[in-house]
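Welcome! Please take a moment with the sequence and the 3D view below, and then let us walk through them together.

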Amino acid sequence: MKKSLSVIALLLLLCIPVFSQTPDLDEARRLAAQGDAEAQTNLGVMYANGEGVPQNDAEAVKWSRLAAAQGYAIAQYNLGVMYANGAGVSQNYAEAVHWYRLAAEQGHAIAQYNLGVMYANGRGVPQNYARAYLWFSMAAAQGNEMATENREKASEELTSEALNSAQQLATRCFDSGYTQCE
């Protein structure tokens with residue numbers, strides 16, 4: 001009997017700013033304007049959460065997109081969250097998957113978890129419990145307890161042959177540093 005995975009939920013939180021101390025807004029803006037991906041990400045989070053600036057989802061998307069385009073994993077994850085939630089952009093699960101995947105392939109554990117959720121629930125991608133198992137395994141290897149629980153639920157949806165294949169793919173993905181996950 002197939003078990004419902006309806007309890008699987010996305011972690012739809014933006015990563016907190018990565019400033020090591022209280023940010024100087026003027027300095028953050030200056031660095032962001034110069035193309036500093038960390039500063040752009042921080043500004044995006046500040047705008048998303050209304051921290052030190054008026055809350056503005058469009059500005060959050062703008063700054064997050066600039067950092068994400070530079071390959072900054074936290075910004076890619078945050079942009080995935082924005083697309084999944086429809087915050088500052090039209091809700092688009094396929095775009096959320098795109099950004100989660102880019103961050104997941106850099107080892108971002110929450111993006112890996114959310115990518116697993118998208119596969120388990122068929123949001124933005126065809127439902128695929130083997131791919132869900134793969135990405136839950138990657139996040140679980142980094143200590144994500146929800147990923148461990150949901151990996152077990154996904155495994156219950158797979159035949160023994162499909163589970164064996166998913167485990168082999170997960171091993172290959174992990175051993176390759178996330179470059180051979182498809």
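Which residues are linked in a network of salt bridges? They are Arg 101, Arg 131 and Glu 182. We will come back to them after a look at the whole chain.

**Ground rules**

This is a predicted model, in which local features need pLDDT of at least 70 and side-chain atom pairs count only at pLDDT 80 or more, while totals for chains, interfaces and linings use all residues. Residues are numbered from 1 along each chain as its sequence is written, and side-chain values use heavy atoms, with hydrogens and water left out.

**The overall picture**

The protein has 9 helices and 0 strands, where helices (H or I, at least four residues) and strands (E, at least two) are DSSP runs numbered from the N terminus. Reading along the sequence gives the pattern α-α-α-α-α-α-α-α-α.

Of the 182 residues, 47% are buried. Here buried means under 20% relative accessible area, exposed means over 50%, and partly exposed is in between (1.4 Å probe, protein chains only). The accessible surface comes to about 8700 Å², and carbon and sulfur atoms account for 50% of that surface. Such areas come from the Shrake-Rupley method with a 1.4 Å probe, and for residues only the protein chains shown count as cover.

Contact means heavy atoms within 4.5 Å. Among contacts between residues at least 6 apart in sequence, 55% join residues at least 24 apart.

**Inside the protein**

A nonpolar core is a set of buried Ala, Val, Leu, Ile, Met, Phe, Trp, Tyr and Cys residues joined through side-chain atoms within 4.5 Å. The largest one has 56 residues, and the members that touch the most others are Tyr 100, Leu 134, Trp 135 and Phe 136. Helix α7 gives this core its largest share, 9 residues.

For a buried spot to explore, try Ala 75 in helix α4 (residues 73–85). Ala 75 counts as buried because its relative accessible area is 0%. Beyond the neighbours within four places in sequence, Ala 75 is in contact with Thr 41, Ser 64, Ala 67 and Ala 68. Another residue to find is Ala 37: its C-alpha atom is 8.2 Å from that of Ala 75, although 38 residues separate the two along the chain.

**Aromatic pairs**

How many aromatic pairs does the structure hold? There are 3. Rings of Phe, Tyr and Trp (its six-membered ring) pair if their centres lie within 6.5 Å; planes under 30 degrees apart count as stacked, over 60 as edge-to-face and the rest as tilted.

One of the pairs is Tyr 113 with Phe 136, which is tilted because the planes are at 45 degrees, with the ring centres 5.6 Å apart. This pair links distant parts of the chain, with Tyr 113 in helix α6 (residues 109–121) and Phe 136 in helix α7 (residues 129–140), 23 residues apart. Tyr 113 is buried at 1% relative accessible area, and Phe 136 is buried at 0%.

Phe 174 and Tyr 178 form an edge-to-face pair, 6.4 Å centre to centre with 85 degrees between the planes. Phe 174 is partly exposed at 41%, whereas Tyr 178 is buried at 13%.

**Salt bridges**

Side chains of opposite charge can pair when their charged atoms come close. A salt bridge is a side-chain nitrogen of Lys or Arg within 4 Å of a carboxyl oxygen of Asp or Glu, and by this rule the count is 5. The table shows some of them.

| Salt bridge | N to O distance |
|---|---|
| Glu 59 and Lys 62 | 3.8 Å |
| Arg 131 and Glu 182 | 3.4 Å |
| Arg 151 and Glu 152 | 3.5 Å |

Why are Glu 59 and Lys 62 separated by about one helical turn? The reason is that they are 3 residues apart in helix α3 (residues 57–69). Glu 59 is partly exposed at 23% relative accessibility, and so is Lys 62 at 39%.

Back in the network, Glu 182 forms a salt bridge with Arg 131. Glu 182 lies in the segment after α9 (160–175) and Arg 131 lies in helix α7, so the pair ties together parts 51 residues apart in sequence. Glu 182 is partly exposed at 46%.

**The disulfide**

A disulfide is a pair of cysteine sulfur atoms within 2.5 Å, and the count here is 1. Cys 173 and Cys 181 form it, with their sulfur atoms 1.9 Å apart. The torsion about their S-S bond is about 70 degrees, so the disulfide is right-handed. Both Cys 173 and Cys 181 are buried.
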